[in-house]
Amino acid sequence: MTNINGKTYAMNAITPMNAFYTPILKLIFFILGHVKPLQADLINLSFIHFARWVVVKRHKFPRLSEKQPEEHLHYDYLLFFSNFNGTWNQYIDAFADVLSNGLNLIWRWSAKFPGSRPVTAFKRYIALVQFDTDYYYVAYPRATANDVKAAHRVNAALEDFARNSKDMTPADFGSAYLKFVTQVQADLGATGIGPVGT
Amino acid sequence: MPNQNGNVYGLTILSPIINAPAGDVSHDCAIRDYLASLPRDHHSPFAKISSTHLARLVVMDDVVFVGTPAREEHLKSKYLVFETNFDGDLDAYLASMARDAPDEVHAVWQHCVGYPGTQDPAAFAAYMKKCQLETTFFFADVNDKTVQQTLRALKVQAGVAHFIESNQGKSPAEIQAAFRQFLDKVRHAPEPLAGEYERTHVPARGQGAVVRTQPLAGEHEGQPNG
């Protein structure tokens, strides 16, 4: 089991969902995907590199051979995969604090979902439906989502500064350099080892 | 398309695992054994499939029973879940899997139903697409930068921090000269390695930003200095 690689945690969860609700949930995701302001809280949380929800209809589990037994399921299933920074508890707490309504809208169609508040029952539910990762690869294991965004800002600022300061006199360069330092100073935190925790 | 967010593609694969009770080792255990030994750093097969941002492989044993009054049910097969986030389009990625990491791909997927091998990339791609689930909603925090752009940006960020710190107090002319050298170094730096755990730059104390892995004396967990 290896849910963590560097600073990133891989979460997998599967919840049973009455097939009757699947079109409703898909409509909610369609709206969420097309009305970008609805994603603002998710973006502002800024500790998720990538996340996805996948609805598997009960008769749509891949069947590759006649010899493979056919699945006969009562429920459709909602799969959730997240790649986030921080510990499991921090993630669930932040999710429940900031995205409570959004979470309820997504998981209320899943059987026995208790709601995202109070967080104790919510955590118990997530622990029940979560399954562990066997192999996890991260191309930039020492960087958080915030580190990545900060690095791209520094990179863009450096390119601008290099282009604009190319032919400056030392005096002009000195003032432009100060402006550059002021611009990037908040984005210069070092990357490093991941947190210890679960 | 829900599988795509900006330039990043979110691929979700569910490959049924062979169920052969008469065998010496069950196929799901064989996959887990192999994955436990696979490097996760820059020696990872996914570092060779260079457009991969993050990827995971998971053996899904069964669905979950959440308690009464929900109905208890079970899968008839175990499934290998492959979740990956990469740059570009699906066909190029699947071709890269078959071309750049054929041994590792084979070691994992040989335990799955209907796997055709990697010798024929077209057959492999067709197989993977049969196992693909369409993503219902895909979120990507940064969706317009490639893996290499991000790795390079992280390296530049560390370099800029070091440059600023080590040139404090110097005259504008000295900084300008040093900046030209720094820029030249940045432009000609080798491509950073994906998945690498090595520190990109850890200057000595007093000569740049120091990355600490141990608390300083008197500093307690949850109460960092500064």
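Two residues are in contact if their C-beta atoms, placed from the backbone, lie within 7 Å. In chain B, 75% of the contacts with a separation of 6 or more come from residues 24 or more positions apart. The model is predicted: local features need pLDDT of at least 70, side-chain atom pairs count only at pLDDT 80 or more, and totals for chains, interfaces and linings use all residues. Residues are numbered from 1 along each chain as its sequence is written, while chains are lettered from A and ligands numbered from 1 in the order in which they are written.

Chain B contains 7 helices and 6 strands. Helices (H or I, at least four residues) and strands (E, at least two) are DSSP runs, numbered from the N terminus. The order of elements in chain B, from the N terminus on, is β-β-α-α-β-β-α-α-α-β-β-α-α. Of the 226 residues in chain B, 39% are buried. A residue is buried if 20 or more other C-beta atoms lie within 10 Å of its own, exposed if 12 or fewer, and partly exposed in between.

One sheet draws on both chains. Its 5 strands form an open sheet in the order β1(A)-β2(A)-β4(A)-β3(A)-β6(B), with antiparallel pairing. β1(A) (4-5) and β6(B) stand at the edges with a single partner strand each, so one side of each has no neighbour in the sheet. Two strands pair if DSSP finds at least two bridges between them. Strand β2(A) (residues 8-17) and strand β4(A) (residues 76-85) run antiparallel and are joined by 10 bridges. In one of these, A:Met17 has A:Asp76 as its bridge partner.

The pairing between chains involves β3(A) (residues 48-56) and β6(B). These strands are antiparallel, with 4 bridges. A:Phe50 is the bridge partner of B:Ala140, and A:Ala51 is that of B:Phe139. Within β6(B) (residues 137-140), B:Phe137 and B:Phe139 point one way, B:Phe138 and B:Ala140 the other, and all are buried. Helix α1(A) (residues 22-34) lies across β2(A), β3(A), β4(A) and β6(B). This helix runs at about 150 degrees to β3(A). Angles run from 0 to 180 degrees between N-to-C directions, and axes are lines fitted to C-alpha atoms, for helices over the stretch in contact.

Across the whole interface, 70 residues of chain B are in contact with 73 residues of chain A. Elements giving two or more residues to the chain B side include β2(B) (8-16), β4(B) (79-87) and α7(B) (172-187). Helix α6(B) gives the most, with 11 residues. The chain B side divides into 43 nonpolar, 17 polar and 10 charged residues. Here Ala, Val, Leu, Ile, Met, Phe, Trp, Tyr, Cys and Pro count as nonpolar, Asp, Glu, Lys and Arg as charged, and the others, Gly among them, as polar.

A helix pair was also examined in chain B. Helices α3(B) (residues 90-100) and α5(B) (residues 121-130) pack at an angle of about 120 degrees, their axes 9 Å apart. That makes α3(B) oblique to α5(B); angles under 35 degrees count as roughly parallel, over 145 as roughly antiparallel, 65 to 115 as roughly perpendicular and the rest as oblique. On the α3(B) side, the residues that meet α5(B) include B:Asp91, B:Leu94 and B:Arg99. The contact holds 7 nonpolar, no polar and 2 charged residues.

B:Ala125 lies in α5(B). Leaving out residues up to four places away in sequence, B:Ala125 touches B:Asp91, B:Leu94 and B:Ala95. B:Ala125 counts as partly exposed because it has 19 C-beta neighbours inside 10 Å.
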